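This briefing concerns the charged side chains, a helix and the internal cavities of one protein chain. Please consult the sequence and the structure below alongside the text.

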Amino acid sequence: IRTELRLTSTMALRLLSDNVPFRPILWKAAPRLGRCYRVVIPALNQRKLTVSAARNAKFYESTTEVVKDIPNDAKLLVGGFGLCGIPENLIIALKERQTKNLTVVSNNAGVDDFGLGILLQSRQIKRMISSYVGENAEFERQYLSGELEVELTPQGTLAERIRAGGAGIPAFFTPTSFGTLVHKGGAPIKYDSNKQIEIESQPREHRVFNDRHFILEEAITGDFALIKAWKADRSGNLVFRKAARNFNVPMAKAGKITVAEVEEIVDVGTFAPEDIHLPSIYVQRVVKGERYMKRIERRKVRKRGDEGTQQENSKGAQIRERIVKRAALEFEDGMYANLGIGMPMLASNYLPEGVHITLQSENGILGLGPIPYEGEEDADLINAGKETVTIIPSGVFFSSDESFAMIRGGHIDLTILGAMQVSRFGDLANWMIPGKMVKGMGGAMDLVSSQGTKVVITMEHTAKGGTHKILEDCTLPLTGKQCVDLIITEMAVFDVNPDKGLTLIEIADEVSVEDVKAATGCPFEVSTDLKPMGQI
């Protein structure tokens, strides 16, 4: 019986030095796979082979010590989503060391006084590669004033670029961002002091596969990956808690040196092998965090017995309620759905009777539950809007790259999003006003690029002052091209066809077709079966 094993050079030398009694042992210098050698061992079933566990990770006493060799101008991959699962102690250690001119790859940049926000405040970051600025006012200010370089990247593309980097794949084609500034180039990376573009993004290569458009994205790796896990065993295997897995997992794989900050270090064998989320092969350094604040960016709770007793009754609230009650009629039993921040998320409060759906969240949750009761909120359990949530009994957690595989792969049936503008033929703009407002595209470009996902837009029909939001062509940078299937406003519901344009299919009470025409900045057809606007 001939059995072949592939062993690293270290293991091979140990076999020889220990004088293992295999007769004969045939070593072949080729073929080699990386630094692995092929060993041919006759009659292995009659022998015993004992290999001790390798210990790849080195354990450090303090976060100051573990980051002391990170140089100026380093490229760092920093895990977390919002403030959930961020390596907060490692970030503080970098702040204290005053490491400068950093390029930081992170989905977000913390808040003004916590997380990566403190490195922005101290001007230690030269360039950010992110998907969402969010409500970090200092991040936005530095970017728009030309003090900070920012490469805004769709969240799913960012996750996949990092995953590809860790997997040794130099580039890949994705449908996300086709027809947008990300594809065509010209997105502002750096402004000058006069708010003119000084550095702009470069165009991506375009290919067509199976009659669909794709663009080429290059992988991302880093000099160091700084991640946060819940527990590590003494071999360096990691376990994450709830939704704190997010970007930490792919980033650990893409760093040349991965530093894991953990809450607890346990003995080998504490974790069952099948329960380990990240194997030790990806982890070079481990340190137990000194203290944890684990701040919550948007704490949302409810009081027991108060469900449904507090209803906002302003005109704006009534408009939003009309829109989301119509949007809820798009839910069908058994659907997997992803709902955007704000008004789209409210639609899940109005499920039709007998309809059960499963909500997916980009940060790595399938099976979102309701807002937690007061006192039960958890910093490790938030949704894509950074709000505290719960999870249903059948729910699961996973990493950000896995989340966007679900989205990009067409496994989500429905997404409901907000918009700044929608064009006659279904182009969408909802992430940027150049030179004025930059929040980032987050996961929206990925959500609207999937061929198998219905895209529904919920928004007020006009902007302040009656400015049109439904136009012949969008004037703001696009989120997606010809991607919208349905528009729901407080006045009307439009079906969107990428070839024929808009058709008015429902109209609100006390609103005439002429009213809708006056509030809409492009022509549209009126259905021969025009119906009153549906409400749940």
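The notes that follow are grouped by topic.

The model is predicted. It holds 33 salt bridges, and a search of the whole structure finds four cavities of 30 Å³ or more. Two loop residues, Glu330 and Lys481, are also described.

**Salt bridges between strands**

- Glu151 and Arg127 form a salt bridge through their side chains, at 3.7 Å from N to O. This pair links distant parts of the chain, with Glu151 in strand β8 (residues 149-152) and Arg127 in strand β7 (residues 125-130), 24 residues apart.
- Glu151 counts as buried because its relative accessibility is 15%, under the 20% limit.
- Lys228 and Glu263 also meet in a salt bridge, with an N to O distance of 2.8 Å. Here too distant parts of the chain are linked: Lys228 belongs to strand β14 and Glu263 to strand β16, and 35 residues separate them in sequence.
- The two partners fall into separate accessibility classes: Lys228 is buried at 4% relative accessibility, whereas Glu263 is partly exposed with a relative accessible area of 22%.
- Lys228 and Glu263 belong to a network of salt bridges that also links Arg241, Lys242, Lys294, Asp378 and Asp380.

**A salt bridge within a helix**

- Lys517 pairs with Glu514 in a salt bridge, the closest N and O atoms being 3.8 Å apart.
- Helix α13 (residues 513-519) contains both Lys517 and Glu514, which are three residues apart, about one turn of the helix.
- An α-helix has 3.6 residues a turn, so residues three or four places apart point the same way.
- Lys517 is partly exposed, with a relative accessible area of 42%, while Glu514 is exposed at 53%.

**Glu330, a loop residue**

- Glu330 is located in the loop between α9 (315-327) and β18 (336-339). Its relative accessible area of 10% is under 20%, so Glu330 is classed as buried.
- The side chain of Glu330 has polar contacts with two basic side chains, those of Arg326 at 2.9 Å and Lys454 at 2.6 Å.
- Beyond its neighbours within four places in sequence, Glu330 is in contact with Met335, Leu414, Lys454, Val456 and Leu486.

**Lys481, a second loop residue**

- Lys481 is in the loop between β28 (470-471) and β29 (486-488). Lys481 is partly exposed, with a relative accessible area of 40%.
- Apart from neighbours within four places in sequence, the contacts of Lys481 are Phe178, Gly179 and Asp427.
- The C-alpha atoms of Lys481 and Met445 are 9.6 Å apart in space, and the two residues are 36 apart in sequence.

**Helix α3**

- In helix α3 (residues 88-97), the residues Glu88, Asn89, Leu90, Ile91, Ala93 and Leu94 are buried.
- The buried residues of α3 pack against two helices, α2 (63-66) and α4 (117-121), and against the strands β5 (75-78), β14 (222-233), β16 (255-266) and β17 (285-288).
- Gln98 follows α3 and has a positive phi, near 60 degrees.

**Cavities**

- Rolling a probe the size of a water molecule over the atoms shows where empty space is left.
- The largest cavity has a volume of about 120 Å³. Its lining comprises 15 residues, and those nearest its centre are Leu83, Cys84, Gly85, Arg295 and Ala379.
- The lining of the largest cavity is made up of seven nonpolar, one polar and seven charged residues.

Definitions and conventions: Residues are numbered from 1 along each chain as its sequence is written. This is a predicted model: local features need pLDDT of at least 70, side-chain atom pairs count only at pLDDT 80 or more; totals for chains, interfaces and linings use all residues. Side-chain values use heavy atoms; hydrogens and water are left out. Helices (H or I, at least four residues) and strands (E, at least two) are DSSP runs, numbered from the N terminus. Buried means under 20% relative accessible area, exposed over 50%, partly exposed in between (1.4 Å probe, protein chains only). A polar contact is a pair of N or O atoms within 3.5 Å; within protein, one must be able to donate a hydrogen and the other to accept it, and residues adjacent in sequence count only if both atoms are side-chain atoms. Contact means heavy atoms within 4.5 Å. On a 1 Å grid over the protein atoms alone, a cavity is a set of points where a 1.4 Å probe fits but cannot get out, and a pocket is an open set with protein on both sides within 12 Å along at least five of seven lines; lining residues have an atom within 4 Å of a point. Grid points are joined across faces, edges and corners, and a volume is the space filled by probe spheres set on the points. Ala, Val, Leu, Ile, Met, Phe, Trp, Tyr, Cys and Pro count as nonpolar, Asp, Glu, Lys and Arg as charged, and the others, Gly among them, as polar. A salt bridge is a side-chain nitrogen of Lys or Arg within 4 Å of a carboxyl oxygen of Asp or Glu.
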